[in-house]
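I sat down with this model today and kept notes as I went. Here is what I looked up, in the order I looked.

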Amino acid sequence: MSARAWRVAKVVAEIAVPAGILIAWQLWTASAHQARFPRLSTILVQFRKMWLFSQFNEHVVPSLERIGAGFGIAVVVGIALGVPLGLSPRARRAAMPHIEYWRAMPPPALLPISIILVHSIANRQKIAFIAFFCIFPVLLNTIDGIRGIDPTLVETARSYGVPWHERIRRIVLPAAFPQIVAGMRNSLALAVIMMVLSEYFSSTSGVGYVLLISKNTFQLVPMWAAIVLIGVLGYVLNLLFLLVERRVLAWHRGWRAALPD
Amino acid sequence: MLEITHLGKTYGSGDRETRAVGDVNLTVTEGELVCVVGPSGCGKTTLLKCVGGLLRPTTGEVTLHGRRVSGPPEEMALVFQDYSRSLMPWTSVRNNVLLPLRHKKLPRADRSRLVEEAVDAVGLTRFIDHYPWQLSGGMQQRVAIARALAYQPSILLMDEPFASVDAQTRGDLEDLVLSVRGQYGVTILFVTHDIDESVYLADRIAVLTHAPTEVKELIAVDLPSPRDQIATKELAEFARLRAHVYRLIKRERPAPGDLEAEEALAAAHPES
């Protein structure tokens, strides 16, 4: 198959396969008459009624704010902790057991205590909860990225007397950046999960809240509409992230392609 | 200007102790180009890193303009063999050359002038806004040389800088070193394992013994300047010097038993 035909086939598959699944779902739900599985068309009508845009400000905006703030804090803290840990084997040895301990903790286990610790049931608790778990992918990837930096590069800068803060800014961070970005992408996906989870608990707004309330009141169509929205949110956030990454890391793809083997 | 006195470097301690540099004495005067040649694995790079202040010598000392070298001195620049790894792939040739100037107290205009002059001196003006990985190997090494020149060192240390380029490019780069040396009036300490290269470039050659290394012989090179890849290499004197250095190094070839020890040394200390 020619390269062009291959590309066309890939795009067709990307659109046709999900479209086929949706059509099959619609056909099956229309004939099955199952209360648990409302028709796709019913769900989409409900989706439009709720999210475009009557409840958008009330529930989607708060969720997005929580994702944004939690993710933002996680990125800043993850990099700020990751740089010294990546640079110093001694600090790493001291910190790794703690990092591994908290990373292995299932998030729901910390949900109740997060309220006590943060002293809040409002946004602050939700953002803190999201941020805490999103730190780990960024942190671990920052550490790994820095450990993998070619020592020749750092030594060159050192031989030119480049001061340490400039070395971090001009060499260490840019060199580790591709891997930091990979960690950020994982964190962003995690942020969506944590958002839903945090809104299950002592909440009055948000997509996760709507999902839980709809389920508790046996309103299955709104529940499905919320599920569809969460999926779309995750997909769109990832897509936006990839678009930014493509621009910021253009050099990385060119460089990798230019490597001899 | 550069004095190396009783320099020694030992890695590890106790049973695992390996002496890379034994007792090196060498003086480089202002404006001179001294080549250091020696059998492979003899500790050339270790020696150069000690001179550059990147490694702390175990014994002896290095002084530059009478001041003891304890860290990378400001008036010294280093060019490594691994050009592709010493350049930053995420930014342009211009920013790569600018890196060592950023923290110098210089007006902005002076900085960009120094960068542009250095890039021009190595003939890469057309490529100043390219990424390094868009250039060929020889051109990348030129970028590394331009970066060293822009820094305006009084002494330039070069560690087998042309070991990984093809023969043609290598000849061009050798001539480039000779021409910028005149242009910038810089003193050069040039480490190589290529005997022809050392004779072609040097005012003096320091031949090293194998590890723990010492200076076996200092040879003055009295070839006419400017040197020429064809005419200079045709001279009887060139052939004589080349043969002389060759014999010195050949006699240094370690006995078969030593080879393993050398390999182990190289594996244990990849930086040497």
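**Entry 1: backbone oddities.** I began with Gln152(B), bearing in mind that this is a predicted model. Is Gln152(B) buried, partly exposed or exposed? I found a relative accessibility of 48%, so Gln152(B) counts as partly exposed, since exposed would need over 50%. Its phi is positive, about 55°, although Gln152(B) is not a glycine. I located Gln152(B) in the loop of chain B between helix 5 (137-150) and strand 7 (155-159).

Next I turned to Phe218(A), which also is not a glycine and has a positive phi of about 55°. The loop that holds Phe218(A) runs between helix 9 (207-216) and helix 10 (220-248) of chain A. Phe218(A) counts as exposed because its relative accessibility is 70%, and the cut-off is over 50%.

I also noted a cis peptide bond between Ser225(B) and Pro226(B), with omega at about -10°. Pro226(B) sits in the chain B loop between strand 10 (213-220) and helix 8 (231-234).

**Entry 2: where the chains meet.** How many residues does each chain bring to the contact? I read off 21 residues from chain A and 24 residues from chain B. Together the chains bury about 2,200 Å², and carbon and sulfur atoms give 66% of that area. Ser159(A), Tyr160(A) and Trp251(A) supply 32% of what chain A buries against chain B, more than any other three residues.

For polar links, I found eight residue pairs in polar contact across the interface, and the rule finds two salt bridges there. One of the salt bridges joins the side chains of Lys49(B) and Glu155(A), at 3.2 Å from N to O. On the chain A side, helix 7 (151-159), helix 8 (164-199) and helix 11 (250-258) each supply at least two residues. Helix 7 of chain A gives the largest share, seven residues. I sorted the chain A side into eleven nonpolar, five polar and five charged residues.

**Entry 3: the cores.** I then looked for buried nonpolar clusters. The largest nonpolar core has 122 residues, and Trp51(A), Met158(B), Ile205(B) and Val245(B) have the most contacts inside it. Helix 8 of chain A gives the most to this core, with 14 residues.

Which residues does Ile205(B) touch, leaving out those up to four places away in sequence? My list includes Cys35(B), Val37(B), Leu218(B), Ile219(B), Val221(B) and Val245(B), and also Glu217(B). Another core, of 31 residues, lies apart from the largest one, with Tyr11(B), Val24(B), Val34(B) and Cys50(B) among its members.

Technical notes: Residues are numbered from 1 along each chain as its sequence is written. Chains are lettered from A and ligands numbered from 1 in the order in which they are written. This is a predicted model: local features need pLDDT of at least 70, side-chain atom pairs count only at pLDDT 80 or more; totals for chains, interfaces and linings use all residues. Side-chain values use heavy atoms; hydrogens and water are left out. Contact means heavy atoms within 4.5 Å. Buried area is the accessible area (1.4 Å probe) that two parts lose on being put together, summed over both. A salt bridge is a side-chain nitrogen of Lys or Arg within 4 Å of a carboxyl oxygen of Asp or Glu. A polar contact is a pair of N or O atoms within 3.5 Å; within protein, one must be able to donate a hydrogen and the other to accept it, and residues adjacent in sequence count only if both atoms are side-chain atoms. Helices (H or I, at least four residues) and strands (E, at least two) are DSSP runs, numbered from the N terminus. Ala, Val, Leu, Ile, Met, Phe, Trp, Tyr, Cys and Pro count as nonpolar, Asp, Glu, Lys and Arg as charged, and the others, Gly among them, as polar. A nonpolar core is a set of buried Ala, Val, Leu, Ile, Met, Phe, Trp, Tyr and Cys residues joined through side-chain atoms within 4.5 Å. Buried means under 20% relative accessible area, exposed over 50%, partly exposed in between (1.4 Å probe, protein chains only).
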